[in-house]
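These are my notebook entries on a structure that was new to me. I looked up charged pairs, a metal site, one helix and the cysteines.

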Amino acid sequence: MPNTAELRRTVKRQLRRATVWSMARRGDLVGQLMLHERLDDPYPLYEKMRARGPVYRSRMGLHAVTSHELCTRVLRDPAFARRNEEPQRVTPPGEQGPSADSNFLQEELSDHMRWRRLVAPAFRPRKIVEYRRRTEEVAHRLLDAALAKDEFDLVTDFASPLPITVISELLGLADVDVELFAHYGLITGKAIDGIRSTRQANEFRTAVRELDELFAGLVRKRRAEPGDDLVSELLKPQGDQALPEREIVGTCQLLLTAGFETTTNLVSNTVLRLQEDLVQWEKLVDDPDLAPMAAEESLRYDPPVQYSIRVAREEFEADGRTLPPDTVLMLVLGGANRDPDVFTDPHSFDITRSDATSHLAFLSGAHYCVGAPLARMEADVALKVLVERVPGLRMTGRPVRRPTAALRGLLHLPATA
Ligand code: HEM
């Protein structure tokens, strides 16, 4: 029997779902974005928002920003926080995102800058060169297995296990259950859109608890027996600073969940787009060294993270208006990346364009993605290995999209050599 608190939460979730649906029906563009049937192509909605000005005021209590200039300004200004004290208010449209329940988002770590300094060495260029060799080995091994089949799934056979294996090894986890981790990724990724049912809430809590246990065990093991991995590094005090165990466990969860779902989506989104535009695919086949540019253009054109939420700590000016403290901003990265004030011919996908790197796919400012160098290297390796070994790659069926709005990517992409 559900208890009263659980019943209350269920009613609240249902009310919120009804609100999203009714707002969407009444033309609210953020409401429409949250309806799953719009997930195939949210870009026309972003253009409708842009047509109303750089800040679109949704009746769902959010201001959606599609202007590149304004997104950048907000991201670089400490007067905007990642979220306020009430996560429900800023995780549209469901109940609450991961932050409410877990310790794996960095705000709960005591000092963000100190934390970044401790984690950053794992992503320095020298380290990325070391990881690259292993990433190439894993990519080839996965492709050997995929190509042994008549038809394979580019996501589940390649784009998903590749970053899962890389980040797990980087953290010091050997022989992980790739399917189980992909399942964790799906659950935590879905929760960013908001938790919409009791079942989803339970699944989310279970995933977080299991990951907590896994990493707490790993931290104990590495304390007793240090290895050549990130957890062992994090356990070493830096000068007079050391991360408490709880923060190391939280960091592992954050790196794991932030580090593979997004990269899987980058590789799958890029391959899908190249397959939809075979002229671009052939360009890459002819010159595999264009792979980093193809990944960059994909990050601009179809970013794996579509939006990020910020809350104003104080009053601010935007679009000729004064907005009050606690204004919740939905920074629409997918929209900012197609801002015609910054990108020439923004809706065309061109792997040789020169302005692609101005995208905001990894954000900007204090929370700029720590793992960007790793993600870029993995995408480069994945695309190069694919075009070099499978130049005749073709899709054999319709891609299946992930049922998420904040994270954009694919669950399946059937393909053949
Ligand atoms: C294509 C792949 C990736 C994309 C598109 C991506 C995107 C992002 C974005 C948009 C944020 C900011 C979130 C926010 O503040 O709202 C972020 C933060 C972060 N990302 Fe990534 N990411 C990717 C890969 C990775 C990888 C491979 C790792 C680590 C292994 C990683 C670790 C992190 C961490 C730790 C943060 C938090 C940084 C902070 O708050 O200071 N990401 N990422």
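Entry 1, terms. I count a residue as buried when its relative accessible area is under 20%, and as exposed when that area is over 50%; what falls in between is partly exposed. I note also that the model is a predicted one.

Entry 2, a buried pair. I looked up arginine 402 and found it buried, because its relative accessibility is 7%. Its partner is glutamate 261: the two side chains meet in a salt bridge, with 2.5 Å from N to O. I placed glutamate 261 in helix H14 (residues 245–276) and arginine 402 in the loop between strand S10 (400–401) and strand S11 (410–412), so this pair ties together parts that lie 141 residues apart in sequence. Glutamate 261 is likewise buried, at 4% relative accessibility.

Entry 3, pairs within a helix. Side chains of opposite charge can pair when their charged atoms come close. I searched for further cases and recorded 28 salt bridges in the structure. One of them joins arginine 73 to glutamate 69, at 3.8 Å from N to O. Both residues belong to helix H4 (residues 68–76), and because they are four residues apart, about one helical turn separates them. Arginine 73 is partly exposed at 37% relative accessibility, whereas glutamate 69 is exposed at 53%.

I then turned to helix H8 (residues 125–147), where arginine 126 and glutamate 130 are also placed four residues apart, about one turn of the helix. Their side chains form a salt bridge of 3.5 Å, N to O. Here arginine 126 is exposed, with a relative accessibility of 60%, and glutamate 130 is partly exposed, with 35%. I also noted a network of salt bridges that links Arg132, Glu136, Asp380 and Lys384.

Entry 4, the metal site. Which protein atom is the donor to the iron atom of the ligand? I found a single one from the protein, the SG atom of Cys369, at 2.3 Å. Cysteine 369 sits in the loop between helix H17 (333–336) and helix H18 (372–389). With a relative accessibility of 29%, cysteine 369 is partly exposed.

Entry 5, the cysteines. I searched the whole structure for disulfides and found zero. Cysteine 71 is therefore without such a bond, since a disulfide needs two cysteine sulfur atoms within 2.5 Å and the nearest cysteine sulfur to that of cysteine 71, belonging to cysteine 369, is 17 Å away. Cysteine 71 is buried, at a relative accessible area of 0%.

Entry 6, a threonine of H4. I looked up threonine 72, which lies in helix H4. Threonine 72 is buried, at 11% relative accessibility. Setting aside neighbours within four places in sequence, I found threonine 72 in contact with Leu360 and Ser364.

Entry 7, one face of a helix. Which residues of helix H7 (residues 112–119) are buried? I listed His112, Arg114, Trp115, Leu118 and Val119. Viewed down the axis of H7, these buried residues fall within an arc of 160°, so they line one face of the helix. I then looked up what they pack against, and found helix H13 (230–235) and H14. Helix H14 had already appeared in my notes as the helix that holds glutamate 261.

Terms used. Residues numbered from 1 in each chain as written. Predicted model: local features only at pLDDT ≥ 70, side-chain atom pairs only at ≥ 80, totals over all residues. Heavy atoms only, no water. Salt bridge = Lys/Arg side-chain N within 4 Å of Asp/Glu carboxyl O. Buried < 20%, exposed > 50% of the residue type's maximum accessible area, 1.4 Å probe, protein only. Donors = N, O, S within 2.8 Å, 3.2 Å for Na, K, Ca; no water. Arc of directions from axis to C-beta. Contact = heavy atoms within 4.5 Å.
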